[in-house]
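Dear colleague,

Please find below the structure that I am passing on to you. My notes on what was found in it follow directly after.

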Amino acid sequence: MKWLKKSSAVLASLMLTSAVAAGCGGNNASDTPAGSAQPDGAASSELKPYEVMMVFPDAPQKDNQLVQDAMNDYLKKTYPELNMTVKLNPIDWGAWSDKTNLMMASGDKMDLLFTADWLGFQQQVTKGGLLPLDDLLAKYGPDIEAVEKDYHEPAKRGGKLYGIHTHQELGGAQGVYLNKELVDKYNFDLTALKSGKVEDLEPMLKTVKENEPGITPLVAPSFPLEAYYSSTNLDSITSIAAINTVGTAPDDYTVINSFTTPRYMELAKLTNKWYKAGYINKDALTPGLDAWKKMQAGKGFAFVSDMDILADMEIGKADISPNGSIKAGREMLQIPLNIDRLQTGKMTATMYAISKSSEDPERAMKLLNLFYKDKELLTLFNFGIEGKHYVLKDGQIALPEGQTTDSVGYYHDIMWQLGNQMLNYTRVGEDPNKYKNYEKFNEKISSNRSRIFGFVFDPEPVKNELISIDNANKTFVDGLKSGQLDPEEVVPKMLEKQKTAGADKVIAEAQKQLDAWLKENSKK
Amino acid sequence: MNPKRTNPIIVIVLTLFSLACLIPFWLVFMISVADENWVTAHGYSFWPGKFSLVAYQYLIEDAEKILRAYSVSALVTVIGVVVSLFVTSAMAYALSRKEFPLRGALSFYILITMLFSGGLLPWYLVYTRFLHVQDTLMALIIPGLIGGFNVIIMRTFFTNSIPPSLIDSSQIDGAGEFRTYFSIILPLSLPVMATIGLFTTVSYWNDWFTSLVFIQNEKLFSLQYLLTKTLMNASFLQTIANKAYSSTAQVTTPLESIRMAMAMIAIGPLVLVFPFLQKYFVRGLTVGAVKG
């Protein structure tokens, strides 16, 4: 009895303390940003000096401070009317999620924040961590609008824009990389791949398997089912929900389970067959396996992956891959089997947003706008200080004499994160026409829009189902894509599990939202 | 019970157990001295076909960063353990004294901290907004100073193995509270000090999360964080390659053998510390565990 009395007292006081603790935490989180934002916001009309804090994922650079100072000197000299300085606050990739969540929740000052759908953009919007940008963009972002005007739809939530897409390539291409040395040795006929079908690789794999012991014909972990199936066959919506674009009418908007198409079964069987024949390496699922390293070690012949972007890419056309050859340390051919349509997801894969804790969102937007027009500022951010961190060689970026990427103090490859990428220099060794290629490639992609470009699925109503489906998939998907499981037997099992996890509900919800969107945009 | 009959089973079980501990260790070591290309081509192996010391060579060349992280970790661990032992034992000692009026209330308070945590955000706010220790070594030391569990173990030790009459007699001889604590209690509690000292050493040495949250300055990264960071960055880079930007990202995953060599280096101090404290360690645990 005494025990009971004691423990209930314990319980009561515990509940009390935890309630107090929770209350405090909540207050802190919501009050601080609002409280600190108001006084400064009011004063900004006089344009007193303001430091724009940029938060982005990057490995720490030794000369960060130097580059920041150089950027500030430049800003002061070129745009004195903005009376603005910048503070670069890179956060290591591995720490990014934890740290930005904490900073956002505690209301630490941030102005420009890199974000993406794969870095929790949706949650940031839901939690109210980001500012709507429509008005700011209209007033202070003319140079952003000049290049990105048509691509804002995907970053809108509830009708308001929350992220600005980096101006860059609008999609990618997927296909096979082949070791050129072996292609030449066996005189492979590559015209068969004009069909865009990965199946036509089979005779080559067979030859390599028979004649080159010790060389893996098709190197994992990149597989047809992963890099190739969905991009060629689907307009993906979320998780399993997608629209089958092969063999359906262009105005067919029926949402299906992406694992139920005949093509999926075909490719799964193919992979399984290749695995059994020994064309695919057995350790395909070992975490951290890097196909490029196998190529480098001379242990592979082909693999399926994303292609380098070239100006005149066409399905089935073999070209030397410039970057692929560098990565593999030998000549590599690339043959695209698919060129992306303009997809919603790609437009939210690289964005900058303005944080709610910004004390002067207007100047944050003005700075972001500069990165879309000012080559010099963008170059400072991307490549550092001329003479110290880079030198120009025939219009390309090179390391200063005697320096390595480790010793130079400021070297990162995050051109894809910020601003108008087409303004950038290329590095020595890269195709000097890289960005011209991008522009040509973009024309190709933007003229071929996905059926549902601009449609954004709101996962909230089926949140729990999506998680259970993910869990159900885990058991099977890896085994299927590496060919280790027999699809005839496993796919029905997986579909059954997905059903129990709520697949039908997800598909129905996707269809409902899509129909509403179509109606709104009078497509139907 | 015939001891001769039970022995073989125990021996087998213990052998298997120690093998389970040693084999991964051996594997890590072997990869750290294996030839990188060989590992890529053949996968992990207990006896690689080709050896190379490139990884260690590379680490020695890049020694500055690692040595600095090493000294940060060592400094934080040494200061942390000493201060932590002092604070913990002082608190535990006070709680073990029956004369202490707030004994019940404080013990209860400690119990709460063991059952509930304040959550990540309040924790973060205390150190950044209230104590303002972010980006200093203090941020690495303070959070680990006191743990409810350690206080309870020490308190139990003091209550059970130090007879109250000993304290009485020292006070009759004219020693004040502090004199009693430093001259009588501490020398008698070496076993429990060693035990708790080892716990805190391990937790300070292995801690990377506080570095992740509070440290921005590269010079103050602890060794474990440097390691974790390398691994996390590698896996993150693959995500980037998949999701955002695949065409020209130069994805450079650190070499397998270098990762393993770094792990080997990080194990060092703990392996060295343990044998010295082992004898106390065993005694400390049993002494604290039996309630008199």
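Of the 292 residues in chain B, 38% are buried. Please bear in mind that this is a predicted model. Chain B contains 14 helices and 0 strands, so that its elements, read from the N terminus, run α-α-α-α-α-α-α-α-α-α-α-α-α-α.

The UniProt record, an unreviewed entry, places the feature "transmembrane region" at residues 9-34, 69-94, 106-125, 137-158, 178-205 and 258-277 of chain B. Two of these spans may be described further. Residues 69-94 of chain B are 100% helix and 0% strand, with 37 Å between the end C-alpha atoms. Residues 178-205 of chain B are 96% helix and 0% strand, and there the end C-alpha atoms lie 31 Å apart.

Aromatic contacts

Over all chains, a search of the whole structure gives 32 aromatic pairs. One of them is formed by B:Phe86 and B:Phe182: the ring centres are 6.3 Å apart and the planes stand at 10°, which is under 30 degrees, so the pair is stacked. B:Phe86 belongs to helix H4 (residues 63-96) of chain B and B:Phe182 to helix H10 (residues 177-188) of chain B, so this pair links distant parts of the chain, 96 residues apart. Both rings belong to partly exposed residues, B:Phe86 having a relative accessibility of 43% and B:Phe182 a relative accessible area of 40%.

A second pair joins B:Tyr93 and B:Phe158. Their ring centres are 6.0 Å apart and their planes are at 85°, so this pair counts as edge-to-face. Because B:Tyr93 lies in helix H4 of chain B and B:Phe158 in helix H8 (residues 148-161) of chain B, the contact ties together parts that are 65 residues apart in sequence. Here the residues are buried: B:Tyr93 has 8% relative accessibility, and B:Phe158 has a relative accessible area of 3%. Ring pairs link these four residues with B:Phe157 and B:Tyr181 into a cluster.

In chain A, two lysines are placed over tyrosine rings. The charged end of A:Lys282 sits over the ring of A:Tyr275, 4.9 Å from the centre of that ring. Similarly, A:Lys375 lies over the face of A:Tyr425, with 4.0 Å to the ring centre.

The surface of chain B

Which residues form a nonpolar patch on the surface? The patch consists of B:Ile12, B:Leu16, B:Leu19, B:Ile23, B:Trp26, B:Phe29, B:Phe46, B:Trp47 and B:Phe51, which together have about 910 Å² of accessible area. B:Phe51 is located in the loop between helix H2 (36-42) and helix H3 (54-61) of chain B, and with a relative accessible area of 41% this residue is partly exposed.

Another loop of chain B, between helix H6 (120-130) and helix H7 (138-141), holds B:His132. Phi of B:His132 is near 50°, a positive value in a residue other than glycine. B:His132 is exposed, at 54% relative accessibility.

Chain A

In the unreviewed UniProt entry, the feature "domain: PI-PLC Y-box" is placed at residues 400-463 of chain A. Over this span the chain is 22% helix and 3% strand, and its end C-alpha atoms are 51 Å apart.

Helix H3 (residues 96-106) of chain A has several buried residues, namely A:Trp96, A:Lys99, A:Thr100, A:Leu102, A:Met103, A:Met104 and A:Ser106. As general background, an α-helix has 3.6 residues a turn, so residues three or four places apart point the same way. Just after H3(A), A:Gly107 adopts a positive phi of about 75°.

A positive phi, near 50°, is also found at A:Asp394, a residue other than glycine. A:Asp394 lies in the loop between strand S16 (391-393) and strand S17 (396-398) of chain A and is exposed, at 81% relative accessibility.

Finally, two residues of chain A may be placed relative to distant positions in the sequence. A:Pro132 is in the loop between helix H4 (121-126) and helix H5 (134-140) of chain A and is partly exposed, with a relative accessible area of 34%. The C-alpha atoms of A:Pro132 and A:Asn369 are separated by 16 Å, although the residues are 237 apart along the chain. A:Leu370 lies in helix H14 (residues 361-370) of chain A and is buried, at 4% relative accessibility. Between A:Leu370 and A:Glu51 there are 15 Å in space, C-alpha to C-alpha, for residues that are 319 apart in sequence.

With kind regards

Methods
Residues are numbered from 1 along each chain as its sequence is written. Chains are lettered from A and ligands numbered from 1 in the order in which they are written. This is a predicted model: local features need pLDDT of at least 70, side-chain atom pairs count only at pLDDT 80 or more; totals for chains, interfaces and linings use all residues. Side-chain values use heavy atoms; hydrogens and water are left out. Rings of Phe, Tyr and Trp (its six-membered ring) pair if their centres lie within 6.5 Å; planes under 30 degrees apart count as stacked, over 60 as edge-to-face and the rest as tilted. Helices (H or I, at least four residues) and strands (E, at least two) are DSSP runs, numbered from the N terminus. Buried means under 20% relative accessible area, exposed over 50%, partly exposed in between (1.4 Å probe, protein chains only). A charge sits over a ring if NZ of Lys or CZ of Arg is within 6 Å of the ring centre and within 35 degrees of the ring normal. UniProt positions are given in the numbering used here, feature names are shortened, and annotations may be inferred rather than shown by experiment. Patches are made of residues with over 30% relative accessible area and no salt bridge: like charges are joined within 9 Å, nonpolar side chains (Val, Leu, Ile, Met, Phe, Trp, Tyr) within 5 Å. Accessible areas come from the Shrake-Rupley method with a 1.4 Å probe; for residues, only the protein chains shown count as cover. A salt bridge is a side-chain nitrogen of Lys or Arg within 4 Å of a carboxyl oxygen of Asp or Glu.
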